[in-house]
Amino acid sequence: MKNRIEIVDDGPMKLTGEFELRDDKGEVVRARKVYTLCRCGLSARLPFCDASHEAAGFSSCPRAPQGTASADASTHSA
Ligand code: FES
């Protein structure tokens, strides 16, 4: 399974795959196959989405420019 990061229109960021969520000390808090992380900042369960974005009318639909994947990989490697 490939790791996948998906921005949900007007909602959370969905991560699917092998991810570890770490705290500010680098300790693993959770290791799950699917995370939905809040993008609106209104969740009562941060950093996770609790669907508060729906009642708030959160609106955000960012799109990566087409054809930039290989350029991004060469300029933002960790
Ligand atoms: S994105 Fe869902 S509560 Fe913030």
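The following is a chat between a student and a tutor about a predicted model of one protein.

Student: Okay, what is the secondary structure of the protein made of?

Tutor: The predicted model has three strands and two helices.

Student: And what pattern do they follow along the sequence?

Tutor: The pattern reads β-β-β-α-α. The strands come before the helices in that order.

Student: Which strands form the sheet, and in what order?

Tutor: Three strands make an open sheet, ordered 1-2-3, and the pairing is antiparallel. Strand 1 and strand 3, the latter covering 28–37, are at the edges with a single partner strand each, so each has one side without a neighbour in the sheet. On average, neighbouring strands are turned by 30° against each other, direction ignored.

Student: How many bridges join strand 1 to strand 2?

Tutor: Four bridges, between residues 4–7 of strand 1 and residues 13–22 of strand 2. One residue to look up is Ile7, whose bridge partner in strand 2 is Met13.

Student: And over how many bridges do strand 2 and strand 3 pair?

Tutor: Eight, again in the antiparallel sense. For a pair to find on screen, take Glu20, which has Ala31 in strand 3 as its bridge partner.

Student: Where do the side chains of a regular strand go?

Tutor: They alternate between the two faces of the sheet.

Student: Back to the hairpin of strand 1 and strand 2. How many residues sit between the strands?

Tutor: Five residues. Asp10 is in that loop, and Asp10 has a positive phi of about 60° although it is not a glycine.

Student: What sign does phi have in most residues other than glycine?

Tutor: Negative, for most of them. Another residue to check here is Ala51, with a positive phi of about 75° although it is not a glycine. Ala51 lies in the loop between strand 3 and helix 1.

Student: Why does Asp10 count as partly exposed?

Tutor: Asp10 has 15 C-beta neighbours inside 10 Å, so it counts as partly exposed. A residue needs 20 or more to be buried, and 12 or fewer to be exposed. Ala51 has 14 such neighbours inside 10 Å, so Ala51 is also partly exposed.

Student: What share of the protein's residues count as buried?

Tutor: Of its 78 residues, 5%.

Student: New topic. Which peptide bond is cis?

Tutor: The bond from Leu46 to Pro47 is cis, with omega near 10°. Pro47 is in the loop between strand 3 and helix 1, and that helix covers 52–56. In general, most peptide bonds are trans.

Student: Where is Phe58?

Tutor: Phe58 is in the loop between helix 1 and helix 2, where helix 2 spans 69–75.

Student: Which residues is Phe58 in contact with, leaving aside its neighbours within four places in sequence?

Tutor: Asp10, Cys40 and His53. Asp10 is the residue from the loop between strand 1 and strand 2 that we discussed.

Student: How far apart are Phe58 and Gly41?

Tutor: They are 17 residues apart in sequence, and 9.8 Å apart in space from C-alpha to C-alpha.

Student: Why is Phe58 counted as partly exposed?

Tutor: Because Phe58 has 16 C-beta neighbours inside 10 Å.

Student: Last one. Among contacts between residues at least 6 apart in sequence, what share join residues at least 24 apart?

Tutor: In this protein, 25% of those contacts do.

Note on methods: Residues are numbered from 1 along each chain as its sequence is written. This is a predicted model: local features need pLDDT of at least 70, side-chain atom pairs count only at pLDDT 80 or more; totals for chains, interfaces and linings use all residues. Two residues are in contact if their C-beta atoms, placed from the backbone, lie within 7 Å. Two strands pair if DSSP finds at least two bridges between them. Axes are lines fitted to C-alpha atoms, for helices over the stretch in contact, and angles run from 0 to 180 degrees between N-to-C directions.
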